[in-house]
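Please look at the sequence and the three-dimensional structure shown below. The paragraphs that follow lead through it step by step.

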Amino acid sequence: MPERSDTPPVLLGNEPGSFPHSVLAERHPAIIRQVRESFPYDPERHRALDALLAGCTEGVIEPLPADAHDRDRWTAWGADAYTGRSWFEVPWLWSESYFYRQLLEAVGYFAPGPWQGIDPFRPSKLAELDAPETDEELSALDALADRPAAEQDRALLHGSLWGNRADLGFRLSAASDETSSDTPPLVADDSDTLWSLLPPSGAATLALIADNAGRELVPDLLLIAHLLTQGRIARAVLHIKPYPYYVSDATHADVLDALRRLTSAPGAAAAYGRALWAALTDGRLIVRAHPFSGGPLPYAEMPGDLREELGAATLTVLKGDLNYRRLVGDRLWPPTTAFADVTAYFPGPVAALRTLKSDVITGLSARTEAALVAAEGQKWRTGGTHALIQVRA
């Protein structure tokens, strides 16, 4: 996709005090330390983790091993241009993604041996999924079953939007409550357009590009189950990560864990779980792990097979903050930049469901932006207290 003449540069992590810099300088070292304590890794794994810790804070980007199964793929994604450079001086999106690939290398995730295929983030994922709070949230589904269809639609959409902040009490407050001030929790809301693309009794295909596992994946699965059982979609394709990524991003194992959590729950939650189980077994729900889902590039650079697949969907929904950055481009756009303009390249109708946790934002009205800045400075961009539903039909 050719760049617009007014396109801002991609975000880097080289500005002290910036959010990208804090991720590289503080969050990544903390993640390494957390992973180091998550399992009884052997001395070789500890040495590799310590080397990554030193390299990502004070050193340079190292190449993958010569025999890495995906070395050619990362070369195509820009590794040759960035190895030997500081982690802080290459595109932040690329730097973050490569960090997780190197973390998996350090723990032996891809190498033959006892740690092959062991998700280093699994303990924290399971702890969240199995927490008592999840039972409380799932029990709210029982009360939802008797509500009118439109309220169920809205509740499950907002559950997916807010993830584990949804309280699966489903934010059933009236829509006017969320727009009664200039700084509402929902800073953009194209949900009417979203529903118009998925009419009842339709034959739609939904592609949902997932974000986090655990208590954020469960509401995504509930939304898919609801759309299937209500006849708003005939088929869903759930796009997940091909390997552990960004600490909590969903893999196939996480989907199965979430499905287990639903089917073993009492009441309405189990019914949703059984509906998903049936949809998986008869092909109405497909789980897809395209290599590009774990890549460091924006969706404007997606490969042809993925472009063709998403272009055939009635609607593609991208969940979460990272997917939003990849959708619109990881750039500091003026917030009033039209969402439709920066997603014009996408091969079909596209929607973003996102809680704001990074600086990138498009599609706001000038009034909303001004009110947010007046009330919160720039903290509204990263605090996770605001969200958006944006659609380009």
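Is E151 buried, exposed or partly exposed? E151 is partly exposed, its relative accessible area being 29%. Here buried means under 20% relative accessible area, exposed means over 50%, and partly exposed lies in between, with a 1.4 Å probe and protein chains only. The model is predicted, so that local features need pLDDT of at least 70 and side-chain atom pairs count only at pLDDT 80 or more, whereas totals for chains, interfaces and linings use all residues. Residues are numbered from 1 along each chain as its sequence is written, and side-chain values use heavy atoms, with hydrogens and water left out.

E151 introduces the salt bridges. A salt bridge is a side-chain nitrogen of Lys or Arg within 4 Å of a carboxyl oxygen of Asp or Glu. By this rule the structure has 20 salt bridges. In one of them E151 is paired with R147, and their closest N and O atoms are 2.8 Å apart. R147 is also partly exposed, at a relative accessible area of 33%.

A second salt bridge joins D153 to R232, with 2.9 Å between the closest N and O atoms. D153 belongs to helix α8 (residues 149–162) and R232 to the loop between α11 (217–229) and β3 (235–239), so this pair ties together parts that are 79 residues apart in sequence. Helices (H or I, at least four residues) and strands (E, at least two) are DSSP runs, numbered from the N terminus. Both D153 and R232 are buried. Elsewhere, D130, D135, R260 and R261 are joined into one network by salt bridges that share partners.

A third salt bridge links R101 and D70, whose closest N and O atoms are 2.7 Å apart. R101 lies in helix α5 (residues 92–106), while D70 lies in the loop between α2 (43–58) and α3 (71–76); the pair therefore ties together parts that are 31 residues apart in sequence. R101 counts as buried because its relative accessibility is 1%. D70 counts as buried as well, at 1% relative accessibility.

The aromatic residues come next. A pair of aromatic rings is described by the distance of the centres and the angle of the planes. Rings of Phe, Tyr and Trp (its six-membered ring) pair if their centres lie within 6.5 Å; planes under 30 degrees apart count as stacked, over 60 as edge-to-face and the rest as tilted. The structure holds 21 such pairs. W94 and Y98 form a stacked pair, at 4.7 Å centre to centre and 25° between the planes. These two residues both lie in helix α5, four residues apart, which is about one turn of the helix. W94 is buried at 2% relative accessibility, and Y98 is buried with a relative accessible area of 0%. The rings of Y345 and F346 have centres 6.0 Å apart and planes at 65°, so this pair is edge-to-face. Y345 is buried, with a relative accessible area of 11%, and F346 is buried, at 3%. Ring pairs also link F99, Y100, Y109, F110, F121, Y243, Y245 and Y246 into a cluster.

The last stop is helix α15. Nine of its nine residues are buried, so α15 is largely enclosed by the rest of the structure. These buried residues pack against α5, β2 (205–209), β5, α16 (339–342), β6 (350–355) and β7 (387–392). After α15 comes G329, whose phi is positive, near 100°.

Within helix α15 (residues 320–328) is R326. How far away is the nearest side chain of opposite charge to R326? That side chain, D249, is 7.6 Å away, and R326 is buried yet has no salt bridge. For such charges, Lys and Arg count as positive and Asp and Glu as negative; His and the chain ends are not counted. The side chain of R326 does reach the backbone oxygen of L297 at 2.8 Å and that of S293 at 3.2 Å. R326 also lies over the face of F292, at 4.6 Å from the ring centre, and over the face of Y299, at 4.8 Å from the ring centre. A charge sits over a ring if NZ of Lys or CZ of Arg is within 6 Å of the ring centre and within 35 degrees of the ring normal.

Note on methods:
Polar contact = N/O pair within 3.5 Å; in protein donor to acceptor, adjacent residues only side chain to side chain. Contact = heavy atoms within 4.5 Å.
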